[in-house]
Amino acid sequence: MSAKFEIIHPGDSPALKVDLPQGESVYAEGGAMVAMTPAIKVEGSMRGGLLGALSRKIFRGETFFYQTLTAATGEGQVLLAPAPPGEIILLEMDGNVSYLVQKGSFLMASRTVTLQSKMQNLTKGLFSGEGFFISEVTGQGTLALNSFGAVHRVDLAANEEYVVDNSHLVAWTSTTSYKIQKSSSGWISSLTSGEMLVCRFKGPGTVYIQTRNPSAFGGWVSAYIPTKG
Amino acid sequence: MTDAILPYFKAVWFTPDGSGGGRAAKVTLTPEGLSIDTGEGYRVEWPLRGLKFGKAGEEESYLLVTCPIVPGPVGALTLTDQDFARILSSRVDPSYQTLLMGFSAANLGHVRRKWRNLVLAAILTAAAFGGGYWAVSHWVSDWAARKLPLETEKKWGDLLIRSQLVGKTEITEGPAYEAAQMILRRLKTGAPKDLPYAFTLHVVKDPMVNAFALPGGHMVLMTGLMKEAASPEEVAGVLAHEMSHVTKRHVVKRLVQSLGWRLWFSLFFGSGDLGEVAFGMGSLMEISYGRGQEEEADREGAKIMAQAGLPVTALGTFFDKLSKKDGTDKVPAFLSTHPASKNRSEAMKKLAEELKPHAPRSLGLDWAQVRAALKP
């Protein structure tokens, strides 16, 4: 028997239910545990060692410590949820395709899945909206990602292109490549369209997009927060 | 078909419209072309002459293969296997040869870049830490040397002198020994009265022209230096200089500093071979003083000489002789840790005038006889 994963309460407030046979474990974003059966043992761990943990915290804005959740004393169940409201998706990794994941979108993975920091080049670091470091996920197993809003999947055929606003990315397969470009041909119209810079993807592969933009949402909310008079 | 035993290459298969994303596929090379097990329960055959190649992925680390001459919608394959690219390069349209051969090389280059970046990052981190330490090390060693109790310094000196004398012959009697002790006694009369150090001079049988001081007041004088010196005053000059390294606590500062370096090196390289190298570097650093310290030792040494009724200039002349001999006088002063001899002699002459030394009193030694006693 192997671990079972199920997304419960699908919609904008889902959670991930993980059933673990005795001895099995998964690792999750620090603080993601919502509830669990007593058989589960939670440990903080710095995956990738101190430097890996530091780079994760400093460069990718993720938690310093991952949780390792182990069904220690018998089979167990754990509920996991991310901080932002939005969808959770499960990706089955077969070891052939690896994923690049934007900061903060990682929720959980099997122990056989590896997460590494990957540095982007200067242009992408500055303008992609993903920062200089993104996560590269390799290996075989189950990967759970979270988004802000719903997740929209786009499959690209070989050499097919697709343009995504730079704050709406969740993950993409490593067989796709992307370039940063202005949304319109001129800078003025790029500015006035409200879509300053965009990522132009090229297939083959798959791109996962979130239907809401966290920083735009922040701006929208702040307009409604009463200021102290 | 016997394709079950044919070797295959791992690939990712994409449907013509990309739907479903990439799937694990197996590609077999057949005499006619590629036989693709799409992993979806069906097989696709692509003839060699129709294959088109390109690159895909973030770092162009995937080889993209399509076959547009096949009627109807065509899927695509991505592979990372360099052998696949190499084998195909000789079998397909020659116009793809560069791309296919380049693919294997580029992929290798990718691995090399990764390693190069890792090594660079390690060097930069070590340099940053090392540089940071270097920036504060003088301050730290000064502070530590001030805080170090005299008793500890003496204990270190006692330990170090034992290790320095291992395998060496220490001369404890005879004209050379007597002459050396007499020089030391005279120098002590010129040293500041409240010094907490009882200087001990060890005369060591060694052809090397050298003398050095250790923490706590131990000094080592090699017979090679006595043979090289034209007069006992020249030996006195060198010893006065070395005594000043002790009284000004340069010795202990250097020791603390080199211990600090060892600490950094062992932190970075562990206790492996490189750690050993660092250890060796540390020992080398123990005996080299900074330029400021050398100049200070010259000044203090000159004061001791003047107070003891010895010619101040003797301190300069011997160092001059040595630097002329080994050619270090050609090194510009600002590049060397030791003041260049020309500067040194001039500085000594100036000091001699400033210090208004007591009328020099002879050491009363038959130097020719002392040197003769050192002949083997």
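**Figure 1. Strand β2 of chain A has two unlike faces in this predicted model.** The strand covers residues 15-20 of chain A, and its side chains alternate along its length. L16(A), V18(A) and L20(A) point to one face, where they are buried. A15(A), K17(A) and D19(A) point to the other face and are not buried. In a regular strand, side chains alternate between the two faces of the sheet.

**Figure 2. Strands β1 and β2 of chain A form a hairpin.** Strand β1 of chain A spans residues 4-8 and runs antiparallel to β2(A), to which 5 bridges join it. Within this pairing, K4(A) has D19(A) of β2(A) as its bridge partner. D19(A) is among the residues of β2(A) that are not buried. There are 6 residues between the two strands, and H9(A) in the turn has a positive phi of about 55 degrees.

**Figure 3. Strand β2 of chain A also pairs with strand β7 of chain A.** Strand β7 of chain A consists of residues 76-80, and 5 bridges link β7(A) to β2(A) in the antiparallel sense. V18(A) has V78(A) in β7(A) as its bridge partner. The side chain of V18(A) belongs to the buried face of β2(A). For the wider setting, chain A has 4 helices and 18 strands, and 37% of its 229 residues count as buried. Among contacts in chain A between residues at least 6 apart in sequence, 77% join residues at least 24 apart.

**Figure 4. Chain B touches chain A.** The contact involves 19 residues from chain B and 17 residues from chain A. On the side of chain B that touches chain A, strands β1 (9-14), β6 (62-66) and β7 (76-79) of chain B each supply at least two residues. By class, that side of chain B has 8 nonpolar, 8 polar and 3 charged residues.

**Figure 5. Helices α4 and α6 of chain B cross each other.** Helix α4 of chain B runs through residues 175-190 and helix α6 of chain B through residues 232-247; their axes come within 10 Å and cross at roughly 55 degrees. The two helices are therefore oblique to each other. The crossing of α4(B) past α6(B) is right-handed. From α4(B), the residues in contact are A179(B), I183(B), L184(B), R186(B) and L187(B); they meet P232(B), V235(B), A236(B), L239(B), A240(B) and M243(B) of α6(B). This contact between the helices is made by 10 nonpolar residues, no polar residues and 1 charged residue.

Key
Residues numbered from 1 in each chain as written. Chains lettered and ligands numbered in written order. Predicted model: local features only at pLDDT ≥ 70, side-chain atom pairs only at ≥ 80, totals over all residues. Axes fitted to C-alpha atoms, helices over the stretch in contact; angles between N-to-C directions. Parallel < 35°, antiparallel > 145°, perpendicular 65-115°, else oblique. Left-handed = near helix turned anticlockwise from the far one by under 90°. Contact = placed C-beta atoms within 7 Å. Nonpolar A, V, L, I, M, F, W, Y, C, P; charged D, E, K, R; others polar. Buried ≥ 20, exposed ≤ 12 C-beta atoms within 10 Å, placed from the backbone. Pairing = 2+ DSSP bridges.
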